[in-house]
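Student: I'd like to learn how to read the sheets, helices and odd peptide bonds in a fold like this one. Could you walk me through it?

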Amino acid sequence: MSAPDVLMVGGGVIGCAVARHAALGGARVVLLERGRPGEEASWAAAGMLAPLVEADGPGPFLDLLLRGREVFPGFAAALREETGIDVGYSDAGTLSLALTDADEREMERRHAWQSEVGLPVERLTEEEARALEPALTPAVRCALRFPGDHQVENRELARALHQAALRAGVEVRGGAGVESVTICGGRAAGVRLESGEYVAAGGVVVAAGCWAGGLRGLPRPLPILPVHGQLAAMEVLPQRFRHCLDTPRCYLVPRAGGRLIAGATVERGVWRKAVTPAGVCGILA
């Protein structure tokens with residue numbers, strides 16, 4: 001069989017989404033995933049679509065995130081049409097809460113630059129925030145509301161994208177860890193698997209997450225390292241919150257069915273996937 005037009009390295013949300021898009025455009029695509037598609041970082045995320053909460057300032061990266069958020073409702077609807085899977089898209093918005101003096105100063109800075117560039121952000125008093133979310137702690141001093149920052153059920157999104165890629169004709173190979181990318185004539189021409197097998201292709205797309213930093217053969221190493229984050233999922237019936245809630249120390253993501261996701265710890269350069277007693281206790285505290 002001839003070489004595929006595209007080799008996709010990595011089968012998470014990004015890898016499956018790009019593979020699906022390329023296949024729908026007529027390309028022959030082979031997706032290589034070291035484990036099982038969608039079950040690494042995509043599986044363990046909180047599912048927040050919140051560029052304004054995360055952004056430190058304006059620029060091309062924020063513009064890209066805002067464009068992605070803008071098209072997401074249609075994207076979610078298309079995946080449901082293709083696969084029958086509801087990815088749990090919710091547009092309730094996000095509240096960023098200030099509980100300390102430092103939080104208030106950061107909130108003022110964020111509100112100032114986002115308002116200046118015309119982004120949709122609302123400053124709320126303590127009373128206004130509590131009117132939206134009566135279960136908030138009395139320690140809340142003020143809040144920012146991001147009506148455009150939404151959420152998705154990330155595990156259902158990963159599952160839907162995997163199924164959509166298969167339906168579009170993508171050949172998915174699990175257990176196919178990539179060791180290196182082969183460059184010929186200044187372009188990527190294929191990859192070498194950890195098993196020793198060589199796979200040629202018309203082009204290579206790397207979406208391998210933290211493993212991308214260890215790929216050999218590239219003109220320069222990719223500056224990517226793992227970040228180990230821990231979450232805790234709780235059952236809260238009836239659900240106390242409607243918005244996603246964010247502070248500099250933790251976030252809460254309410255899910256349909258009564259689950260509440262709380263996170264997250266941050267350990268840079270750590271490959272460990274398991275949760276730890278100290279991490280979970282810190283989140284709950």
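Student: In what order do the seven strands of the open sheet run, and how are they paired?

Tutor: The general idea is that strands of a sheet pair through backbone hydrogen bonds, either parallel or antiparallel. Here the order is E5-E6-E4-E15-E16-E17-E14, and the pairing is mixed. Two strands count as paired if DSSP finds at least two bridges between them. The labels come from DSSP runs numbered from the N terminus, with helices (H or I) of at least four residues and strands (E) of at least two. Strand E5 (122-125) and E14 stand at the edges with a single partner strand each, so one side of each has no neighbour in the sheet. Neighbouring strands are turned by 20° against each other on average, direction ignored.

A word on the source: this is a predicted model, where local features need pLDDT of at least 70, side-chain atom pairs count only at pLDDT 80 or more, and totals for chains, interfaces and linings use all residues. Residues are numbered from 1 along each chain as its sequence is written, and side-chain values use heavy atoms, with hydrogens and water left out.

Student: Which residue in E17 is the bridge partner of Leu252?

Tutor: That's Ala262. Strand E16 (residues 251-254) and E17 run antiparallel, joined by four bridges.

Student: Which helix lies across E4, E5 and E6?

Tutor: Helix H5 does, lying across strand E4 (94-98), E5 and strand E6 (142-146) and running at about 35° to E6. For such angles, axes are lines fitted to C-alpha atoms, for helices over the stretch in contact, and values run from 0 to 180 degrees between N-to-C directions. Helix H8 (residues 277-284) also packs on the sheet, touching E14 and E17, with its direction at about 60° to that of E14. Contact here means heavy atoms within 4.5 Å.

Student: Is Arg110 buried or exposed?

Tutor: Use the cut-offs: buried is under 20% relative accessible area, exposed is over 50%, and partly exposed lies in between (1.4 Å probe, protein chains only). Arg110 has a relative accessible area of 10%, so it's buried. You'll find Arg110 in helix H5 (residues 101-116). Leaving out residues up to four places away in sequence, Arg110 touches Leu52, Val53, Glu54, Ala55, Asp56, Leu144 and Phe146.

Student: What is the order of the four-stranded open sheet?

Tutor: It goes E8-E2-E1-E12, with parallel pairing. The edges are strand E8 (171-173) and strand E12 (204-206); each has a single partner strand, so one side of each is left without a neighbour in the sheet. The twist averages 20° from one strand to the next.

Student: Which way do the side chains of E1 point?

Tutor: In a regular strand the side chains alternate between the two faces of the sheet. In E1, Val6 and Met8 point one way, Leu7 and Val9 point the other way, and all are buried. E2 has both faces covered too: Val29 and Leu31 on one side, and Val30 and Leu32 on the other, are all buried. E1 and E2 pair in the parallel sense over four bridges; Val6 stands opposite Val29, and Val9 has Leu32 as its bridge partner. On the E12 side, strand E1 (residues 6-9) pairs in the parallel sense over three bridges, with Leu7 partnered by Val204.

Student: How do the axes of H1 and H7 cross?

Tutor: Helix H1 (residues 13-24) and helix H7 (residues 154-167) have axes that come within 9 Å and cross at roughly 30°. That makes H1 roughly parallel to H7, since angles under 35 degrees count as roughly parallel, over 145 as roughly antiparallel, 65 to 115 as roughly perpendicular and the rest as oblique. The contact involves Val13, Cys16, Ala17 and Arg20 of H1, and Leu157, Ala158, Leu161, His162, Ala164 and Ala165 of H7.

Student: Where are the cis peptide bonds?

Tutor: Most residues other than glycine have a negative phi, and most peptide bonds are trans. The bond from Leu237 to Pro238 is cis, with omega near -5°, and Pro238 is in the loop between strand E14 (231-235) and strand E15 (244-246). The bond from Gly263 to Ala264 is also cis, with omega near -5°; Ala264 is in the loop between strand E17 (259-263) and strand E18 (267-268).
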